[in-house]
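Dear colleague,

I am handing over the structure below, and after it you will find what turned up when I went through it. Please keep in mind that the model is predicted.

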Amino acid sequence: MNEQVENESNYRASKYRTPDGAPADIVIFTITTSEKASVKKSLPTRELQVLLIQRKQWPYAGQWALPGGFSMETETIQESARRELTEETGVADVHIEYFNVYSTPQRDPRGWIISHAFFALVHEQLLENRKAADDAADVRLFPVEEALAMDLAFDHEVILRDALVHIQQKMLTTTIAKEFLPEEFTISELYQVIQTVVPEFQERNFIRKITSTQSRSGIIEEVMGHDGKSKMSNRYSQRAAQLYRFTDYVPQLSIYS
């Protein structure tokens, strides 16, 4: 007997097993800045941190996890990510990007749960008013290395490690560093922000390569004063250094190495 061909009139959704949920998990990175207690001028201390929430309910009650939650039929996964982020942390209006899906069997004790993951690199000032939602006991920033050593809920350690790789690639291939710098900055400040996210980044002759290499030329420009002379700063150094600013140029290749 031939199997009946499925069409609009005989299709039944009940014939198929569907996931028990499709949550969105969000990895929010920030760079914290603290001034050094020193008489000698020097760059501040910068550290890459990640936002975690402490779960209040089963499963994994009491453990730290990435903010997130289940999507609804009336919204897209992206809309779900933004809604959950605001509900769980009080953070809104930040740029988030999708980077992976997680579907390993038994990754969630509640059933067949397929999670969609997003990441963002957010200025620390936007996280100052963060707050825990009703289903979270606490919300806090942790140094990334400390977070990776914790017993995170679900497979969130895996998600965090993957997100770190993506954000490091973003730092080396886009101008996202501008989000953590004043409009006018020195080359030393730019270099430090990059190394905060990508510690192994080492580039000799950094200033020459970023200002004169053909594929990167035009990404930043020298700031000039009203008198037409180069604008300098000794904010973090004994000797005045040239100030730069980002242009609107969008690079097509790695811009720093």
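Leaving aside residues up to four places away in sequence, Val27 touches Val50, Leu66, Phe99, Phe118, Phe119 and Ala120, and it also touches Ile159, Leu160 and Ala163. Val27 belongs to the largest nonpolar core, which has 45 residues, and together with Phe29, Leu52, Met171 and Leu190 it is among those that touch the most other members. Helix α3, which runs over residues 156-173, gives the most to this core, with 7 residues. Since residues of both domain 1 (23-172) and domain 2 (183-246) enter this core, it lies between them. A second core, separate from this one, has 18 residues, including Ala24, Val122, Leu127 and Val139.

As for helix α3 itself, its 18 residues reach 25 Å from the first C-alpha to the last, which is close to the 26 Å expected at 1.5 Å a residue. The buried residues of α3 are His156, Ile159, Leu160, Ala163, Leu164, Ile167, Gln168, Met171 and Leu172. In general, an α-helix has 3.6 residues a turn, so residues three or four places apart point the same way.

Turning to the two domains, their centres, taken over C-alpha atoms, are separated by 30 Å, and 14 residues of domain 1 are in contact with 16 residues of domain 2. The area buried between domain 1 and domain 2 is about 1,400 Å², with carbon and sulfur atoms giving 64% of it. Of the area that domain 1 buries against domain 2, Lys41, Leu43 and Arg46 supply 43%, more than any other three residues. Between domain 1 and domain 2 the count of salt bridges is 0.

With best regards

Definitions and conventions. Residues are numbered from 1 along each chain as its sequence is written. This is a predicted model: local features need pLDDT of at least 70, side-chain atom pairs count only at pLDDT 80 or more; totals for chains, interfaces and linings use all residues. Side-chain values use heavy atoms; hydrogens and water are left out. A nonpolar core is a set of buried Ala, Val, Leu, Ile, Met, Phe, Trp, Tyr and Cys residues joined through side-chain atoms within 4.5 Å. Buried means under 20% relative accessible area, exposed over 50%, partly exposed in between (1.4 Å probe, protein chains only). Helices (H or I, at least four residues) and strands (E, at least two) are DSSP runs, numbered from the N terminus. Domain bounds come from an automatic or database domain assignment. Contact means heavy atoms within 4.5 Å. The expected span of a helix is 1.5 Å times one less than its number of residues. Buried area is the accessible area (1.4 Å probe) that two parts lose on being put together, summed over both. A salt bridge is a side-chain nitrogen of Lys or Arg within 4 Å of a carboxyl oxygen of Asp or Glu.
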